[in-house]
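Before relying on the words used to describe a fold, it helps to ask what each of them rests on. The turns below take several such words and set them against their criteria.

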Amino acid sequence: MPKVLYKMRIKVSFYRLKVKILNLFLFFQIGMIAIIFAQPNTISNFNKSPKLIILGTVQDGGCPHIGCTKACCQITDSTKKVVSLGLIDFEAGKKYLFEATPEIGNQLKYLQGYSSKNIGFQLDGIFLTHAHIGHYAGLMFLGKEALNASKIPVFAMPRMKSYLEENGPWSQLVKLENIVLQSITDQNQLELTPKLKIIPFKVPHRDEFSETVGYKIIGPNKTVLFIPDIDKWQKWESDLIQELSVVDMAFIDGTFFSGVELNNRDMSTIPHPSVQETMKICEKLPASEKNKVHFIHFNHTNPLLNPKSSEYKEVIKKGFHVARFGEEIEL
Ligand SMILES: [Zn+2]
Ligand SMILES: [Zn+2]
Ligand SMILES: [Zn+2]
């Protein structure tokens, strides 16, 4: 073969190889783009820790509170919403809610803000603590008159489950399969996603229609305790100090700061531990343990709803925290 021809042949095969590599590269790029747009758990969500988001911090009645003419309810503040937590596992592409409050519409909208724009409405389950209005009444918005949801899993304890099944309007949500009730039981761990585990546990409370539970929300790096409502720590079969020692953070009942809010009523007759009582119980703990405590579920009268109050400053000074709307916790 003449030398010139041989050289040309080499050039052509080299050119072909270059085209092949380029094609392969383009194919890979298109594939990646397709994956990113097709799935809710986008590439950027891999290895991202699950997140807990505070969607509300106020007691059942909300703020402004119906009928209240006092200074606490003079201004409408969009960050003062009834107690609720949002839970997102980015990798699994799942979103959950703790509590279905009467403000569920706004709270879900806020949670939806964590999704990419091309993803429509998504809710993969709701965990309920008990049948008091602030904690479950929002379920009504899942029915025909509003969302007309399809088979949203609602996790409920045995009494709570039968209460919803046997009483309208909740029974209609079950019958029309707007919701699908999922049984949970005291102390039994639920594997929600490969990265999230949930443990419900019973707490003493005014249980007219259902039992009351708190939750342990367990992520790959952090465990969070959630007890929005409890009668008194002394009535609980578990010990607050001990329970704090096995978690990383705790969002606990801070309904009333003290008896002052209730015209100096004797706090021992009020079925909630006041913030003062809880701080007293935790008084001798090291700073690292106090640092875990975040008060939540504030009555409209509670001065902790005002970051400028002396009570708020006192809580912070003593080494505890006040839960804030929009706060994010990486699990
Ligand atoms: Zn409550
Ligand atoms: Zn008020
Ligand atoms: Zn309650």
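**Strand pairing, core and helix**

In this predicted model, strands β5 and β6 (residues 179-183) run parallel and are joined by five bridges.

Q: What makes β5 and β6 a pair of strands?
A: Pairing requires at least two bridges between two strands. Since β5 and β6 are joined by five bridges, they are called paired; one of the residue matches is I152, whose bridge partner in β6 is I179.

Q: How do you know that β4 and β5 also count as paired?
A: Strand β4 (residues 126-127) is joined to β5 (residues 152-156) by two bridges, and the two run parallel. The cut-off is at least two bridges, so β4 and β5 qualify as a pair. Within this pairing, I126 stands opposite V154 in β5.

Q: Why are β7 and β13 called edge strands?
A: The seven strands of an open sheet with mixed pairing follow the order β7-β8-β9-β10-β11-β12-β13. Strands β7 (190-193) and β13 (321-322) each pair on one side only, and for that reason they are named as its edges.

Q: What makes β13 a partner of β12?
A: Strand β12 (residues 293-296) and β13 pair in the parallel sense over two bridges, which meets the requirement of at least two. H294 stands opposite H321 in β13.

Q: How do you know that L128 is in contact with V154?
A: Contact is assigned when the C-beta atoms of two residues, placed from the backbone, lie within 7 Å. Leaving aside its neighbours within four places in sequence, L128 has contacts that include V154, F155, A156 and M160, as well as E99 and A100; V154 is listed there, so its C-beta atom lies within 7 Å of that of L128.

Q: Which residues have the most contacts inside the largest nonpolar core?
A: They are L128, F226 and F295, in a core of 74 residues. Membership requires a residue to be buried, so each of these three is buried as well as nonpolar. In soluble globular proteins, nonpolar side chains tend to be buried together.

Q: Why are the buried residues of α2 said to be on the same side of the helix?
A: In helix α2 (residues 104-112), the buried residues are I104, Q107, L108 and L111. Because they cover an arc of only 95° around the axis, they lie on the same side of α2. An α-helix has 3.6 residues a turn, so residues three or four places apart point the same way. What covers the buried residues of α2 includes β1 (51-56), β2 (84-89) and β3 (94-98).

Notes. Residues numbered from 1 in each chain as written. Chains lettered and ligands numbered in written order. Predicted model: local features only at pLDDT ≥ 70, side-chain atom pairs only at ≥ 80, totals over all residues. Helix = DSSP H or I, 4+ residues; strand = E, 2+ residues; numbered from the N terminus. Core = buried A, V, L, I, M, F, W, Y, C linked by C-beta atoms within 7 Å. Buried ≥ 20, exposed ≤ 12 C-beta atoms within 10 Å, placed from the backbone. Arc of directions from axis to C-beta.
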